[in-house]
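Here are a few short exercises to work through with the model open beside you. Try each task before reading its solution.

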Amino acid sequence: GTCTGYPNAERLLRGDVRTLAAFCQVAQPVHVPALREIEKQFATEFDYRQEARNMARVRVNLMAAGLAGPGQKSIVPRPYMEYTTKRVLVMEELVGPKLQVALQRDVEYHAKRANFDSVHDFLMAQKAEEERQWEKGVKVQGPSTQQYETLIALENGQRQVTNAWNRVYNMTVGLVSGSPRPYLAKRDVVPLNHAQLVDDLIEIHGHEVLVDGFFNGDCHPGNILLCWDDIHDKAQLGLIDYGQVKSLTKEQRHCFAKFMIALDENDEAQVVQCLTEMGYQSQKMDPQVMNLYAKVAFDNDSREITGGQHIQLFMEQIQEQDPVISLPTDFVMVSRCTLLLRGLAHALKQSRTIAKAWRPIAERVLKEDI
């Protein structure tokens, strides 16, 4: 596969960021350092040679950890450095739809199974039910990994029965009529395991952040493909687009590992200490505000915490109580990574707390001094 860059894209992006930074300098100066960090990370998008090197390094790291490769949870394409230039990236082709396309097909499957005439009606009914449950104080959560596996086994069993009947038909009536019936492939029939998909993505990126200190800060569904491992007859996550990779030092990783454990334990004093070491500074250094910021920026933005507000509005509200002087700039892309993962999880009704999911990795990093 190849990717080709646009000559004027870098100039236009830098101009846009400068405009935003100038506005923020007047209206919300606290966001200027974060914008500069994002600009720095986005700048790597304009040199495909660097992106190829990033991809190669992440590929080696994840394969060494048993998280990528044949039969594993994911696959990262091999870049071909000898053919890659600043504006053209040549890499191994991954075959499969983008995750949002695969999920759209999956929603259609669930809508049909629930006897809805359209996906829109199905989604609106889900949203209405979620609101009703929220008013009762009940949090709506999708099926577990095991429940999905049961459904998948049922659908796959029906597929096998259908294929058996089609085989008999094709060997008898189909031979005479010249109109054989098609066989159903597993990948085209069984639904996705949303719970496993979310857990796998969170685990992979937790390893990148905490163990490797080299992670993709742009892990939205458009940068994830749903591939199929024919040998092992199962889905694989195809991880692409490594233009926004961020590095963390060992000291930063260890500080962040302690931060994750503190968040999971609701240890407010330790959260404040870690956040301060990470570079957060506000006028009052209010522990309550700092803990709310830490929770929403890195761990959990559920309705129970935000009251259903948009994250940005919630952040602005708490920062009015204690204005921020500086954000933890080196961890801006970590926050972005967790927000993207949580956004996908919310969309699939598979909400997770990042600290709880990443805590085992954090504990291993500190115990083994990785």
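**Exercise 1: A lysine and its partners**

Lys 356 is exposed, its relative accessible area being 54%. Please keep in mind that this is a predicted model.

Task: find which side chain Lys 356 meets in a salt bridge, and place both residues in their helices.

Solution. Step one: the partner is Asp 264, with an N to O distance of 3.5 Å. That is within the 4 Å cut-off, so the pair counts as a salt bridge. Step two: Asp 264 belongs to helix α10 (residues 250-265) and Lys 356 to helix α16, so the contact ties together parts 92 residues apart in sequence. Step three: salt bridges with shared partners join Asp 264, Lys 356, Glu 265, Arg 359 and Glu 363 into one network.

**Exercise 2: Buried or exposed?**

Task: classify Arg 352 and Asp 199, whose side chains form a salt bridge at 2.7 Å, N to O.

Solution. Step one: locate the pair, with Arg 352 in the loop between α15 (332-347) and α16 (354-367), and Asp 199 in helix α9 (residues 194-212), 153 residues away. Step two: Arg 352 has a relative accessible area of 18%, and buried means under 20%, so Arg 352 is buried. Step three: Asp 199, at 30%, is partly exposed.

**Exercise 3: The cavity lining**

Task: describe the largest cavity by volume and by the classes of its lining residues.

Solution. Step one: the space inside is about 30 Å³. Step two: the lining residues are His 205, Asn 216, Cys 219, Asn 223, Ile 224, Leu 239 and Tyr 242. Step three: sorted by class, four are nonpolar, three are polar and none is charged.

Notes: Residues are numbered from 1 along each chain as its sequence is written. This is a predicted model: local features need pLDDT of at least 70, side-chain atom pairs count only at pLDDT 80 or more; totals for chains, interfaces and linings use all residues. Side-chain values use heavy atoms; hydrogens and water are left out. On a 1 Å grid over the protein atoms alone, a cavity is a set of points where a 1.4 Å probe fits but cannot get out, and a pocket is an open set with protein on both sides within 12 Å along at least five of seven lines; lining residues have an atom within 4 Å of a point. Grid points are joined across faces, edges and corners, and a volume is the space filled by probe spheres set on the points. Ala, Val, Leu, Ile, Met, Phe, Trp, Tyr, Cys and Pro count as nonpolar, Asp, Glu, Lys and Arg as charged, and the others, Gly among them, as polar. Helices (H or I, at least four residues) and strands (E, at least two) are DSSP runs, numbered from the N terminus. Buried means under 20% relative accessible area, exposed over 50%, partly exposed in between (1.4 Å probe, protein chains only).
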